[in-house]
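Hi,

Here is the structure I promised to pass on. Have a look at it first, then read my notes underneath.

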Amino acid sequence: MKLNSSWRSPSNIALIKYWGKYHPQIPANPSISFTLSECYTETSVSLLEKKANADYDLEVLLDGESREDFKPKITKFLEHIRSEIPFVQEYHLRIETHNSFPHSSGIASSASGMSALALCLLSLKEEIENTKIDDFYRKASEWARLGSGSASRSVYGGLAQWGQFAGISESSDEYAIPYQGKTDPVFKNFRDYVLLVETGSKKVSSTAGHGLMEKHPFAERRFLQAHENLAALQETLASGDLEKFGELVESEALTLHAMMMTSSPYFILMKPNTVHILEEVWAFRKETGLPLYFTLDAGANVHLLFPEAVEQAVAEFVSTSLTGYLKNSKYICDRVGDGPVKLS
Ligand code: PMV
């Protein structure tokens with residue numbers, strides 16, 4: 001029997017941001033995201049004959065190259081789900097991974113990477129223990145969450161929601177769920193152009209950023225605001241009111257960065273070119289009246305969100321007016337995707 005499992009799992013972009021958490025990876029507020037299509041991680045986990053007599057006999061390869069620096073985070077993740085994957089201790093675990101986007105592009109690979117790994121391990125559990133996991137994706141989401149909070153949302157296509165929220169009765173802090181609220185068709189094929197303003201690793205990790213919310217002077221109000229914004233977003237998703245959608249999403253992005261700037265110690269992840277792009281987007285919207293909006297991750301890159309119908313005009317705007325602000329003029333043309341795919 002060949003003990004191997006491979007999955008492709010996408011990244012996602014949050015519309016309502018998760019920023020702040022409690023042990024063990026319980027979000028301080030609910031979040032919702034679009035799952036992407038072109039930004040993904042492909043991971044293959046093989047269980048081989050054990051070589052070292054260690055708890056976790058682990059080998060991690062990114063594009064065929066050994067990555068010792070990935071091991072601590074993966075080991076911590078395996079430790080979280082240790083009791084559910086007892087078989088792992090009996091093997092040499094080889095994890096081979098590949099990102100569709102350049103590793104140092106500033107696109108977080110934790111959501112796609114951790115969800116892909118969780119899916120592989122859950123498939124292996126099914127195979128080795130000869131069982132069928134009830135609600136496979138929900139369980140994968142729960143595991144992925146323990147690796148990286150935002151990864152919990154990557155196991156579903158379309159819109160995914162994570163974190164307890166009064167407006168969605170099945171919502172949970174432990175796992176994400178597919179968003180089942182009424183959704184206007186305009187959001188089905190939404191585009192996300194990821195503008196690469198800055199490459200290389202961030203000065204402040206998201207783990208450190210979440211930690212700074214613990215003693216943040218505005219934390220409680222922010223957590224409450226996320227609930228209010230999610231309720232308002234539900235209405236715009238149902239109505240298709242793009243103007244209101246854009247207002248909420250842009251405000252969420254800037255609030256995330258405002259939380260960083262008002263943490264102690266404070267920090268800024270936007271770059272001057274990030275701000276130039278935001279101003280260009282506002283000017284473009286004013287001039288053309290077209291529904292083009294932005295959101296930001298915990299980094300300097302800008303995600304441009306817009307409906308499929310205006311893609312041509314936006315593509316032209318990006319290539320003529322925005323590429324000058326980008327590292328090597330690079331951007332990724334992405335869109336809402338269908339979720340993970342099992343490769344073997
Ligand atoms: O999953 P983490 O711990 O890397 O946190 C992600 C936080 C944001 O990307 C900024 C927001 C989100 O909800 O994805």
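Below is what I found, starting with the ligand and ending with one serine.

Keep in mind as you read that this is a predicted model.

**Around the ligand**

Which residues should you click on first? Try Ser148, Ser150, Arg153, Ser206 and Asp297, the closest of the 14 residues that surround the ligand. Sorted by type, the shell around the ligand has 5 nonpolar, 6 polar and 3 charged residues. It's also worth colouring the chain by domain: domain 1 (3–181) and domain 2 (188–335) each give at least three residues to that shell.

Now zoom in on the oxygen atoms of the ligand. Serine 150 has a polar side-chain atom 2.7 Å from a ligand oxygen. In the side chain of serine 206, an N or O atom sits 2.9 Å from an oxygen atom of the ligand. For histidine 210, the distance between a side-chain N or O atom and a ligand oxygen is 3.0 Å. And how much of the ligand does the protein cover? On its own the ligand has 380 Å² of accessible area, and the protein covers 92% of that.

**Serine 239**

Next, find helix α5, which spans residues 219–239 and includes serine 239. Is this serine buried, exposed or partly exposed? Its relative accessible area is 48%, so serine 239 counts as partly exposed, since the label "exposed" needs over 50%.

One last thing to try is the distance from serine 239 to lysine 202: they are 37 residues apart in sequence, and their C-alpha atoms are 37 Å apart in space.

Cheers

Terms used: Residues are numbered from 1 along each chain as its sequence is written. This is a predicted model: local features need pLDDT of at least 70, side-chain atom pairs count only at pLDDT 80 or more; totals for chains, interfaces and linings use all residues. Side-chain values use heavy atoms; hydrogens and water are left out. Helices (H or I, at least four residues) and strands (E, at least two) are DSSP runs, numbered from the N terminus. Buried means under 20% relative accessible area, exposed over 50%, partly exposed in between (1.4 Å probe, protein chains only). A residue is near a molecule or strand if one of its heavy atoms lies within 4 Å of it. A polar contact is a pair of N or O atoms within 3.5 Å; within protein, one must be able to donate a hydrogen and the other to accept it, and residues adjacent in sequence count only if both atoms are side-chain atoms. Accessible areas come from the Shrake-Rupley method with a 1.4 Å probe; for residues, only the protein chains shown count as cover. Ala, Val, Leu, Ile, Met, Phe, Trp, Tyr, Cys and Pro count as nonpolar, Asp, Glu, Lys and Arg as charged, and the others, Gly among them, as polar. Domain bounds come from an automatic or database domain assignment.
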